[in-house]
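User: I keep meeting labels like "buried" and "salt bridge" in my course. Can we go through one structure and check each label against its rule?

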Amino acid sequence: MKITVLTQPSPLVELEEAKLALGFSGTTDRDAQIEGLVLAAQAELDGPIGWVGVSVAEQQIELRLDAFTGTINLPYGPVTGVGGINYL
C-alpha cells in the first residue's frame, strides 16, 4: 500500500486567528514564521503521516495497492468523495 498526498490540506487556523491568539494585529514581520509554524503543527497531526491517523482538513490522497482484496478500506477518513478507480 502506498499513500500519496496530492493536494495539501488547507490550514485549520488562519493566519489572522493565530496572530490574534499570539497578541499580534495587522501585518507583522513574523507573518511568514507564524504561518509556517501553524502548517508544521498541522502536519504533525493531520493525514497519512500525522499521529492522529485521520484527515482533519480536506485534502486529496492517492491510495495504491499491490492487489485487489475482497474489500478496499480507505484509510485516513472521513472520505467525502472518490475521484476515480483505476486497475492496471
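Analyst: Sure, and keep in mind that this is a predicted model. To begin with the surface, the chain exposes about 6,900 Å², and carbon and sulfur atoms supply 56% of that area.

User: How do you know how confident the predictor is in the chain?

Analyst: From pLDDT, which runs from 0 to 100. The chain averages 87, and 100% of the residues score at least 70. Among the elements, strand S1 (residues 2–7) has the lowest mean, 87, while helix H1 (residues 15–22) has the highest, 94.

User: What makes up the secondary structure of the chain?

Analyst: You get 2 helices and 2 strands. Going along the sequence, they follow the pattern β-α-α-β.

User: Why is the chain called more spread out than a compact globule?

Analyst: Put its radius of gyration next to the globule rule. The chain comes out at 17 Å, and the rule gives 12 Å for 88 residues; 17 Å is well over that, so the chain is more spread out than a compact globule. The C-alpha trace spans about 55 × 20 × 20 Å along its principal axes. As for burial, 16% of the 88 residues are buried.

User: Why is Lys19 called buried?

Analyst: The cut-off for buried is under 20% relative accessible area. Lys19, which sits in helix H1, has 1%, so it counts as buried. Leaving out residues up to four places away in sequence, Lys19 touches Phe24, Gly26, Thr27, Thr28, Asp31 and Ile34.

User: What makes Lys19 and Glu16 a salt bridge?

Analyst: The rule asks for a side-chain nitrogen of Lys or Arg within 4 Å of a carboxyl oxygen of Asp or Glu. Here the N to O distance is 3.4 Å, so the pair passes the 4 Å test. The two residues are 3 apart in helix H1, so about one helical turn separates them. Glu16 is partly exposed, at 47% relative accessibility.

User: And how do you know that Lys19 and Asp31 form a salt bridge?

Analyst: Same test: their side chains meet at 3.2 Å, N to O, and the limit is 4 Å. Lys19 lies in helix H1 and Asp31 in helix H2 (residues 31–45), so this pair ties together parts 12 residues apart in sequence. Both Lys19 and Asp31 are buried. Put the two pairs together and Glu16, Lys19 and Asp31 are linked in a network of salt bridges.

User: How many salt bridges does the whole structure have?

Analyst: The search finds 3. Arg64 and Glu62 form one of them, at 2.9 Å from N to O. Arg64 is partly exposed, with a relative accessible area of 48%, and Glu62 is partly exposed too, at 26%.

User: What makes the nonpolar surface patch?

Analyst: Met1, Leu65, Phe68, Ile72, Leu74, Val79, Val82, Ile85 and Tyr87 make it, covering about 980 Å². Take Ile72, which lies in the segment after strand S2 (60–64). To join a patch, a residue needs over 30% relative accessible area. Ile72 has 36%, so it clears that bar.

User: Why is Pro78 called exposed?

Analyst: Exposed means over 50% relative accessible area. Pro78 has 66%, so the label fits. Pro78 is in the segment after S2, and its C-alpha atom is 30 Å from that of Ala32, a residue 46 places away along the chain. There's also a cis peptide bond joining Gly77 and Pro78, with omega at about 10 degrees.

User: Why is Tyr76 called partly exposed?

Analyst: Partly exposed is the range between under 20% and over 50%. Tyr76 comes in at 23% relative accessibility, so that is the label it gets. Tyr76 is also in the segment after S2.

User: What is the phi of Tyr76 near?

Analyst: Phi of Tyr76 is near 65 degrees, a positive value in a residue other than glycine.

User: How do you know what share of the contacts is between residues 24 or more positions apart?

Analyst: A contact is a pair with heavy atoms within 4.5 Å. Take the contacts in the chain with a separation of 6 or more: residues 24 or more positions apart account for 48% of them.

How values were computed
Residues numbered from 1 in each chain as written. Predicted model: local features only at pLDDT ≥ 70, side-chain atom pairs only at ≥ 80, totals over all residues. Heavy atoms only, no water. Helix = DSSP H or I, 4+ residues; strand = E, 2+ residues; numbered from the N terminus. Patch = residues over 30% accessible without salt bridge, like charges linked within 9 Å, V, L, I, M, F, W, Y side chains within 5 Å. Areas by Shrake-Rupley, 256 points an atom, 1.4 Å probe, with all protein chains shown as cover. Buried < 20%, exposed > 50% of the residue type's maximum accessible area, 1.4 Å probe, protein only. Rg over C-alpha atoms; globule rule 2.2 N^0.38 Å.
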